[in-house]
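This report covers one protein chain. It starts with a single residue and its contacts, then widens to the whole fold.

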Amino acid sequence: MLQKRSLKGKCATLFYLLPILLLAQDLELGLQAHYNFNGSNVKDQTSNGIDGIALDLTAANGIEDTLNSGFQFNGISSSLDLGVDN
């Protein structure tokens, strides 16, 4: 037989989970830059405007094997320049 949770137990669970649920909603909390890494595009998607320059990089499959969602560095001359202030 299943027992119902008491109101006190439900409130305690909500009290402990509420901060996690609230913080989990804001994906840009403290985010400095966001890059899609699609092809040679190194454009910052946030309002901070930290755009970069891709030098001798090849578009590659990234997370979950998504086409053109990452960069492949050749280990010799490839680099990603985000500027001197960063």
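## Leu 31 and its surroundings

Beyond four places in sequence, Leu 31 touches Thr 46 and Asn 48. The model is predicted. Leu 31 sits in the loop that links H1 to S1. Its partner Asn 48 is 17 residues away along the chain, and the two C-alpha atoms are 9.4 Å apart.

Is Leu 31 buried, exposed or partly exposed? Leu 31 has a relative accessible area of 31%. Buried requires under 20% and exposed requires over 50%, with partly exposed in between. Leu 31 is therefore partly exposed.

## Asp 44: a buried acid

Asp 44 is located in the loop between helix H1 (7–25) and strand S1 (53–55). Asp 44 is buried, yet it has no salt bridge. The nearest side chain of opposite charge belongs to Lys 43, at 8.3 Å. A salt bridge needs a separation within 4 Å, so Lys 43 does not qualify.

Which polar partners does the side chain of Asp 44 have? One is the side chain of Thr 46, in a polar contact of 2.9 Å. Another is the backbone nitrogen of Ile 50, which lies 3.0 Å from a polar atom of the Asp 44 side chain.

Residues up to four places away in sequence are left out of the next list. Asp 44 touches Gln 32, Ala 33, His 34 and Tyr 35. Asp 44 also touches Gly 49, Ile 50 and Asp 51.

## The nonpolar core

Nonpolar side chains in soluble globular proteins tend to be buried together. Here the largest nonpolar core holds five residues: Tyr 35, Val 42, Ile 50, Leu 57 and Phe 71. Two of these core members, Tyr 35 and Ile 50, are also touched by Asp 44.

What does Leu 57 contact beyond its neighbours within four places in sequence? Its partners are Phe 71, Gln 72, Phe 73, Ser 78, Ser 79 and Leu 80. Among them, Phe 71 belongs to the largest core.

## Overall fold

The protein has one helix and four strands. Along the sequence, they follow the pattern α-β-β-β-β.

Of the 86 residues in the protein, 13% are buried. The exposed area is about 7,400 Å². Carbon and sulfur atoms supply 58% of that area. Among contacts with a separation of 6 or more, 30% join residues 24 or more positions apart.

Technical notes
Residues are numbered from 1 along each chain as its sequence is written. This is a predicted model: local features need pLDDT of at least 70, side-chain atom pairs count only at pLDDT 80 or more; totals for chains, interfaces and linings use all residues. Side-chain values use heavy atoms; hydrogens and water are left out. Helices (H or I, at least four residues) and strands (E, at least two) are DSSP runs, numbered from the N terminus. Buried means under 20% relative accessible area, exposed over 50%, partly exposed in between (1.4 Å probe, protein chains only). Lys and Arg count as positive and Asp and Glu as negative; His and the chain ends are not counted. A polar contact is a pair of N or O atoms within 3.5 Å; within protein, one must be able to donate a hydrogen and the other to accept it, and residues adjacent in sequence count only if both atoms are side-chain atoms. Contact means heavy atoms within 4.5 Å. A nonpolar core is a set of buried Ala, Val, Leu, Ile, Met, Phe, Trp, Tyr and Cys residues joined through side-chain atoms within 4.5 Å. Accessible areas come from the Shrake-Rupley method with a 1.4 Å probe; for residues, only the protein chains shown count as cover.
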